[in-house]
Amino acid sequence: MEFTVEKADSQEFAHWWVVYRDANEDFSQSFSEQFQDIKDVPFCHWILLDGQRVGGLIMVGNNIGDFYLIPPFNDAYSALKAILPPDGKLVAQGILTEHVEALQHLGFEVKESRRWMLRPTQAYAVSFDLQK
């Protein structure tokens, strides 16, 4: 198994990003609006496994963001381990909750985390302890 990263056409990437990242956090944007947000970003990349697309991310130097996987591939740990800098110097933003654990297993630390308030009048039992 060999992972590689390849520059993506921003327009094509934007379509895949909207569908597979599935992160319209505040539910306020349509498909078209989400597409418009990213269609001109020049730092879009595909993650390939043996030449097949399995994910994507925005990457500039040691900065990554908006990482996503394309089903049925779901091994975030292996993909990230293969493509991230071995020195551990990385700034990651816009990482979905389901991928944070993979980064932590690779030795990265959460320095800042944001939360979205959904249904603020409903009571929830919430723990913000990131050390679990």
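In the predicted model, the hairpin formed by β2 and β3 has 2 residues between its strands, and within this hairpin Asp 50 adopts a positive phi near 50°. The two strands that flank this turn, β2 (residues 44-49) and β3 (residues 52-60), run antiparallel and are joined by 6 bridges. Among the residue pairs that define the register of this ladder, Leu 48 of β2 lies opposite Arg 53 in β3, while Cys 44 has Ile 58 of β3 as its bridge partner.

A second hairpin follows, in which β3 is connected to β4; here too 2 residues lie between the strands, and Gly 61 takes a positive phi, in this case near 55°. The pairing of β3 with β4 (residues 63-69) is antiparallel and extends over 5 bridges, and one of the facing pairs places Val 60 opposite Asn 63 in β4. Strand β3 is thus described by its pairing with β2 through 6 bridges and by its pairing with β4 through 5 bridges.

Both hairpins belong to an open sheet of 5 strands, which are arranged in the order β1-β2-β3-β4-β5 and whose pairing is mixed. In general, the strands of a sheet pair through backbone hydrogen bonds, in either a parallel or an antiparallel sense. The edges of the present sheet are occupied by β1 (3-7) and β5 (91-93), each of which pairs on one side only. From one strand to the next, the twist of the sheet averages 35°.

Technical notes:
Residues numbered from 1 in each chain as written. Predicted model: local features only at pLDDT ≥ 70, side-chain atom pairs only at ≥ 80, totals over all residues. Heavy atoms only, no water. Pairing = 2+ DSSP bridges. Helix = DSSP H or I, 4+ residues; strand = E, 2+ residues; numbered from the N terminus. Axes fitted to C-alpha atoms, helices over the stretch in contact; angles between N-to-C directions.
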